[in-house]
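Hi,

Here is the structure I promised to pass on. Have a look at it first, and then read my notes below.

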Protein chains: 2
Amino acid sequence: MIDKQSPIPIYHQLEEYIKQLIENGKLKPDEAIPSEREYSEQYQISRMTVRQALNNLVNDGYLYRQKGRGTFVNKQKVEQKLQGLTSFTEDMKERGMVPSSRLISFEIIPAEPQLARKLDIKENTPVYEIKRVRMADSLPMALETTYLPANLVKGLTEEIINKSLYQHIEEKLSLTIREATQQIEASIAKETEVNHLQVESGSPVLLIVRTSFLEDGTPFELVKSAYRADRYKFVHTMQRAAK
Amino acid sequence: MIDKQSPIPIYHQLEEYIKQLIENGKLKPDEAIPSEREYSEQYQISRMTVRQALNNLVNDGYLYRQKGRGTFVNKQKVEQKLQGLTSFTEDMKERGMVPSSRLISFEIIPAEPQLARKLDIKENTPVYEIKRVRMADSLPMALETTYLPANLVKGLTEEIINKSLYQHIEEKLSLTIREATQQIEASIAKETEVNHLQVESGSPVLLIVRTSFLEDGTPFELVKSAYRADRYKFVHTMQRAAK
DNA sequence: TATTTTTAGTTGTATAGACCAAAAAGTTCT
DNA sequence: AGAACTTTTTGGTCTATACAACTAAAAATA
């Protein structure tokens with residue numbers, strides 16, 4: 001299990017080994033794992049090395065410790081899943097619904113000052129503007145407008161949009177979205193939203209504005225969405241930095 | 001600076017000391033801090049102890065390391081701040097506003113089935129119910145109801161609530177909140193919300209339900225808030241898990 | 001039987017040292 | 001001046017050990 005001759009650090013080998021056991025369910029939540037000294041003796045490695053492995057797993061949320069009692073397996077976190085999702089499609093699949101879209105408009109427009117600032121491009125730089133009604137299980141869920149700098153995503157077609165814009169971006173253009181900032185607020189449905197979402201006037205909507213960034217920090221897209229409040233709830237898990 | 005006789009661990013003292021220097025701006029982003037060996041010699045402590053302090057600061061995002069070069073101060077991240085905040089007070093301070101509260105009611109009630117399930121306690125177990133109007137710069141911002149299992153937080157008084165509930169929990173009871181799940185949705189202000197938040201009937205509100213968990217995963221509190229949509233925007237940065 | 005004390009086991013803190021690998025700085029040679 | 005080599009400094013990994021703080025179970029005591 002542990003190869004001392006390997007160029008891979010011992011603590012890392014142990015870390016991966018324990019992580020496997022947890023993810024395979026061989027170690028169950030709240031179950032105690034062997035003590036540090038047990039690992040130390042079993043694999044003939046220093047206890048400090050074992051601690052390094054366990055500390056990393058504690059920091060990653062896989063384990064938790066209790067002084068005088070032992071080290072235990074943490075509950076699997078939904079958070080991991082939620083952190084990863086960036087698109088409506090992924091979000092809906094996660095909720096067990098079937099996502100679909102209806103394209104309203106698709107054009108290239110010059111970036112207005114406000115948009116240009118958010119995407120960190122010059123004014124009037126061409127951007128794609130994609131308006132879509134997003135549906136879950138064939139029912140209108142959100143009205144979404146996506147803005148993409150045209151120079152970053154060339155040769156976009158209606159077909160690509162209808163298929164999977166994200167897949168195209170990640171696989172064909174090999175761009176990776178590293179992080180996203182979301183601003184969420186409540187509002188009352190405007191007229192276009194009333195029409196496209198098929199809600200009564202005066203209905204509440206959840207507005208989400210998401211800005212995504214590439215690995216080097218370049219702003220990549222701006223997505224403005226208006227969700228039907230009666231159908232959509234935003235769920236989010238946050239972890240506190242250890243003091 | 002470092003007191004070896006103190007009951008506070010040495011690594012923790014060093015950690016706080018360096019953190020201070022960063023937050024005070026005496027150490028600037030991308031500036032190199034003294035090497036591990038320098039700290040070790042200057043304070044006559046083991047290099048491993050220094051490493052423990054630095055590792056914690058790296059994990060918390062205050063520092064980053066480069067093999068062969070040194071250890072450097074990280075850029076202040078908004079994200080870090082956002083992840084850390086758990087209370088209305090912290091949130092408002094972060095936004096540069098002055099938070100305050102007005103207590104509406106404070107009592108111990110038996111947990112209803114739904115609440116009991118969310119807090120993972122038995123039905124009718126006593127819980128504190130605290131209703132407050134939360135204000136920012138003296139203007140009503142949110143109507144908040146907090147539920148705390150009475151067995152976890154004993155001897156709560158009005159005074160404590162008005163002072164700082166979180167400080168009391170973390171320092172006096174030495175409980176640490178590790179993570180929180182939030183559900184966010186949009187709605188129309190109900191009558192009590194209309195009254196306490198001083199909005200017109202039909203106004204949109206942002207509803208946030210937060211469940212906080214302790215280090216071992218025990219549910220600790222449930223907070224239901226209704227924010228004035230015209231004054232409050234929820235901001236959230238998420239990072240994508242590396243593939 | 002009930003209570004207190006002891007004991008064994010656990011994680012937490014800390015030390016002193018060793019060697020490695022990467023980067024930077026200094027030195028020598030061309 | 002520039003290139004190639006050597007030395008120094010830095011963080012990364014690992015060992016072996018010691019004692020403290022805490023928990024839970026066992027043993028001794030009332």
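Let's start at the DNA: a phosphate oxygen of DNA strand D sits 3.0 Å from a polar backbone atom of Glu36(B), which falls under polar contacts (N or O atoms within 3.5 Å of each other). Bear in mind that this is a predicted model, where local features need pLDDT of at least 70, side-chain atom pairs need 80 or more, and totals for chains, interfaces and linings use all residues. Residues are numbered from 1 along each chain as its sequence is written, chains are lettered from A and ligands numbered from 1 in the order written, and side-chain values use heavy atoms, leaving out hydrogens and water.

Two side chains of chain A also reach phosphate oxygens of strand D with a polar atom: Tyr11(A) at 2.4 Å and Thr49(A) at 2.7 Å. Both are among the residues that come nearest, along with Ile10(A), Arg47(B) and Arg65(B), out of 28 around the strand (a heavy atom within 4 Å counts as near). Of the strand D atoms within 4 Å of the protein, 66% are sugar or phosphate, and the rest belong to bases.

As for chain A itself, it has eight helices and nine strands (DSSP runs, H or I of at least four residues for helices, E of at least two for strands, numbered from the N terminus). Its C-alpha atoms fill a box of roughly 70 × 40 × 35 Å along the principal axes. Buried residues, meaning those under 20% relative accessible area with a 1.4 Å probe and protein chains only, make up 46% of its 243 residues.

Cheers

Notes
Polar contact = N/O pair within 3.5 Å; in protein donor to acceptor, adjacent residues only side chain to side chain. Buried < 20%, exposed > 50% of the residue type's maximum accessible area, 1.4 Å probe, protein only.
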